[in-house]
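Thanks for coming. I will put the model on the screen and then go through a few points about it.

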Amino acid sequence: YNRAAHLLPAVTAEAGRGCRCIYRIGVEPPPNRRNDLYHAAVFVHDRRIPRGFRLQHLTRFDRWLREAKAVLRSPEDITDVPLTSSLHPSGLKKGRWQVAVRVAMEAEGLLLLPAAGGKGGAWETGALMYREPGENTVELLAHSRLTVEDKAAAGSYIVHERVFEGLKPGEWLLSAFVRDRNAKTFGGGKFTLDLPRPGEAGLSTPVPFLSGQTWIRTQLPDMTDKPKRVAEATRSTEALTTPLPLPKRPVRRGDGLEFRSWVCAPKKGISGGVVRFVARDGEPMFRFEEVKPPRGGTCNELVDPVDTRFLEPGEYVYHVRYSLPDGLEPLSRQQVFVLE
């Protein structure tokens with residue numbers, strides 16, 4: 001008498017499903033078309049199961065790439081790893097711009113796990129830069145790691161940087177992401193930069209920066225760079241001499257804050273002036289010293305430090321305005337910042 005066999009019908013009847021078998025079918029795609037999408041059907045004794053299947057072989061890299069592309073489509077919606085991306089024009093040569101691509105994140109935002117010599121973290125940083133409408137696309141990707149003797153000091157930043165020369169005037173867009181390999185989380189950021197055309201009246205997008213911060217520098221290689229190696233981030237013990245992109249978080253009262261922008265004059269030159277001011281709720285709070293436009297056909301950089309010690313918490317707008325003669329509408333650009 002087999003008690004287990006006797007109880008089996010009662011158990012299956014109680015479950016209400018009876019006995020069923022589960023079949024697992026493995027499918028191997030053709031070696032030369034592994035990433036293609038296939039449609040599959042299952043037959044049992046010439047009877048087709050009333051369900052279709054779509055199959056695609058994805059490697060670990062394929063799955064990572066899908067996630068990364070999803071972040072790049074709407075980077076500011078992904079905030080698990082806070083980061084800031086920016087484009088900073090730093091000079092002109094033969095009518096083309098030199099622009100620094102920077103992706104910065106706070107070191108304490110990484111998940112650091114015990115490692116030899118202290119604690120370690122690893123992450124990937126990617127960026128897509130292109131000129132509207134989708135021209136001159138540049139893809140950037142860095143694999144980085146960091147080892148510290150103890151927890152990363154609050155306020156220290158990791159800055160990925162790449163400088164490009166010969167960029168055309170126009171609107172450039174940057175989308176960036178960071179993936180924390182230990183925490184399996186993503187963060188995203190984006191920035192839009194208008195580059196004026198030399199020889200014409202124009203203003204660039206003001207770029208906000210923090211100064212006087214400690215920093216950790218690493219590389220941001222082009223996808224075509226060879227060899228591809230893991231970049232070792234190195235800690236600097238000195239205050240940053242090159243300002244950092246303004247992080248997403250509000251500016252702390254007392255932090256060093258500055259705005260940098262470029263103004264270009266037409267070849268013949270025009271009268272007028274360049275006015276910069278900080279406003280709150282639509283009302284100017286204070287103005288910077290007015291400057292004259294650069295000489296005809298040239299461009300100058302404007303650097304305006306903002307002393308945050310004397311500002312109350314709230315949202316502010318930095319304005320730069322280039323007045324034009326003969327009843328022409330002035331050119332203007334602005335940038336918002338929040339003080340806590």
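**Pockets, a disulfide and one buried strand residue**

I'll start with the second largest pocket, where 13 residues form the lining, and those nearest its centre are Tyr 23, Ile 25, Val 42, Ile 49 and Phe 53. Before going on, please keep in mind that this is a predicted model. The volume of this second largest pocket is about 400 Å³. How do the residues of its lining divide into nonpolar, polar and charged? There are 12 nonpolar residues, no polar ones and one charged residue.

Now the largest pocket. Its space comes to about 490 Å³. The lining of the largest pocket has 22 residues, and the closest to the centre are Glu 76, Lys 190, Phe 191, Leu 246 and Gln 335. Which strands each supply at least two residues of this lining? Strand E5, residues 83–93, is one of them, and strand E12, residues 185–195, and strand E24, residues 331–339, do so as well. By residue class, the lining of the largest pocket holds 11 nonpolar, seven polar and four charged residues. For the second largest pocket, to repeat, the lining has no polar residues and one charged residue.

Next, the cysteines. The disulfide count for the model is one. The partners are Cys 264 and Cys 299, with an S to S distance of 2.0 Å. This pair links distant parts of the chain, the two cysteines being 35 residues apart. Cys 264 belongs to strand E19, residues 256–264, and Cys 299 to strand E22, residues 299–307. As for handedness, the torsion about the S-S bond of Cys 264 and Cys 299 is about 110 degrees, and therefore the disulfide is right-handed.

Are the two cysteines buried or exposed? Cys 264 has a relative accessible area of 0%, so Cys 264 is buried. Cys 299 has 12% relative accessibility; the cut-off for buried is under 20%, so Cys 299 counts as buried too.

The last item is a single residue, Ile 216. Ile 216 sits in strand E15, which runs over residues 214–219. Why does Ile 216 count as buried? Because its relative accessibility is 0%. Along the sequence, Ile 216 is 70 residues away from Leu 146, while in space the C-alpha to C-alpha distance between Ile 216 and Leu 146 is 9.3 Å.

That is the end of my list.

Technical notes. Residues numbered from 1 in each chain as written. Predicted model: local features only at pLDDT ≥ 70, side-chain atom pairs only at ≥ 80, totals over all residues. Heavy atoms only, no water. Helix = DSSP H or I, 4+ residues; strand = E, 2+ residues; numbered from the N terminus. Buried < 20%, exposed > 50% of the residue type's maximum accessible area, 1.4 Å probe, protein only. Disulfide = S-S within 2.5 Å. 1 Å grid on protein atoms, 1.4 Å probe; cavity = no way out; pocket = protein on both sides within 12 Å on 5 of 7 lines; lining within 4 Å. Points joined across faces, edges and corners; volume = space filled by probe spheres on them. Nonpolar A, V, L, I, M, F, W, Y, C, P; charged D, E, K, R; others polar.
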